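Let's walk through this protein together, one part at a time. Have a look at the sequence and the model first, and then we can start with a question.

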Amino acid sequence: MGHRHRLGGVTAPAPDVPDHVHEYRGTTTFDDGHVHHFSGVTGPPIPLPDGGHYHIIEGETTVNDRIPHTHFYKGEAR
């Protein structure tokens with residue numbers, strides 16, 4: 001569609017157990033005159049060398065704009 005959005009959102013708390021996941025949701029940046037919403041469930045934790053971890057998120061945004069469209073996304077939640 002000739003434009004991009006950045007994602008910003010929050011994850012829900014999860015129990016401190018191995019292989020936990022988080023629900024997440026958010027809204028994209030306002031680009032090309034519109035925003036999209038997104039939500040889902042993260043993948044399991046991926047360990048970091050410092051003892052922390054991150055999760056992979058991926059999915060498809062809601063439909064929006066005068067020419068209806070969505071965006072696919074994939075990234076990390078830390």
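How do the residues of the lining of the largest pocket divide into nonpolar, polar and charged? The lining has 6 nonpolar, 3 polar and 2 charged residues. Please keep in mind that this is a predicted model.

## The chain at a glance

The protein chain holds 6 strands and 0 helices, so to speak a pattern of β-β-β-β-β-β when read along the sequence. Taken along the principal axes, its C-alpha atoms fill a box of roughly 45 × 20 × 15 Å.

The protein chain has 78 residues, and 26% of them count as buried. If you look at contacts between residues at least 6 apart in sequence, 35% join residues at least 24 apart.

## Strands β1, β2 and β3

Let's begin at the N-terminal part. Strand β1 covers residues 7-11 and strand β2 covers residues 23-28; the two run antiparallel and are joined by 5 bridges. One place to find this pairing on your screen is Leu-7, whose bridge partner in β2 is Thr-28.

β2 also pairs with strand β3, residues 37-41, again in the antiparallel sense and over 5 bridges. Here you can look for Tyr-24, which stands opposite Gly-40 in β3.

## Strands β4, β5 and β6

Further along, 3 strands form an open sheet with antiparallel pairing, in the order β4-β5-β6. β4 (46-47) and β6 stand at the edges with a single partner strand each, so one side of each has no neighbour in the sheet.

Strand β5, residues 53-60, pairs with β6 over 6 bridges in the antiparallel sense. Within this pairing, Ile-57 stands opposite Gly-75 in β6.

## Phe-38 and the nonpolar core

Phe-38 is a good residue to click on next. It lies in strand β3. Why does Phe-38 count as buried? Its relative accessibility is 6%, and the cut-off for buried is under 20%.

Which residues does Phe-38 touch, leaving aside its neighbours within four places in sequence? Phe-38 is in contact with Leu-7, Gly-8 and Gly-9, with Tyr-24, Arg-25, Gly-26, Thr-27 and Thr-28, and also with Thr-61 and Tyr-73. As for Gly-75, it is 37 residues from Phe-38 in sequence, and the two C-alpha atoms are 13 Å apart in space.

Phe-38 also belongs to the largest nonpolar core, which has 5 residues. The other members are Tyr-24, Ile-57, Tyr-73 and Ala-77.

## The largest pocket

Now back to the pocket from the opening question. About 150 Å³ of space lies in the largest pocket. Its lining is made of Leu-7, Gly-8, Gly-9, Val-10, Thr-11, Tyr-24, Arg-25, Phe-38, Ile-57, Glu-76 and Ala-77.

Which strand gives the most to this lining? β1 does, with 5 residues. At least two residues of the lining come from each of β1, β2 and β6 (72-77).

If you put the core and the pocket side by side, you will meet some familiar names. Tyr-24, Phe-38, Ile-57 and Ala-77 are among the residues of the largest nonpolar core, and Tyr-24, Phe-38, Ile-57 and Ala-77 are also among those that line the largest pocket.

Key
Residues numbered from 1 in each chain as written. Predicted model: local features only at pLDDT ≥ 70, side-chain atom pairs only at ≥ 80, totals over all residues. Heavy atoms only, no water. Pairing = 2+ DSSP bridges. Helix = DSSP H or I, 4+ residues; strand = E, 2+ residues; numbered from the N terminus. Core = buried A, V, L, I, M, F, W, Y, C linked by side-chain atoms within 4.5 Å. Buried < 20%, exposed > 50% of the residue type's maximum accessible area, 1.4 Å probe, protein only. Contact = heavy atoms within 4.5 Å. 1 Å grid on protein atoms, 1.4 Å probe; cavity = no way out; pocket = protein on both sides within 12 Å on 5 of 7 lines; lining within 4 Å. Points joined across faces, edges and corners; volume = space filled by probe spheres on them. Nonpolar A, V, L, I, M, F, W, Y, C, P; charged D, E, K, R; others polar.
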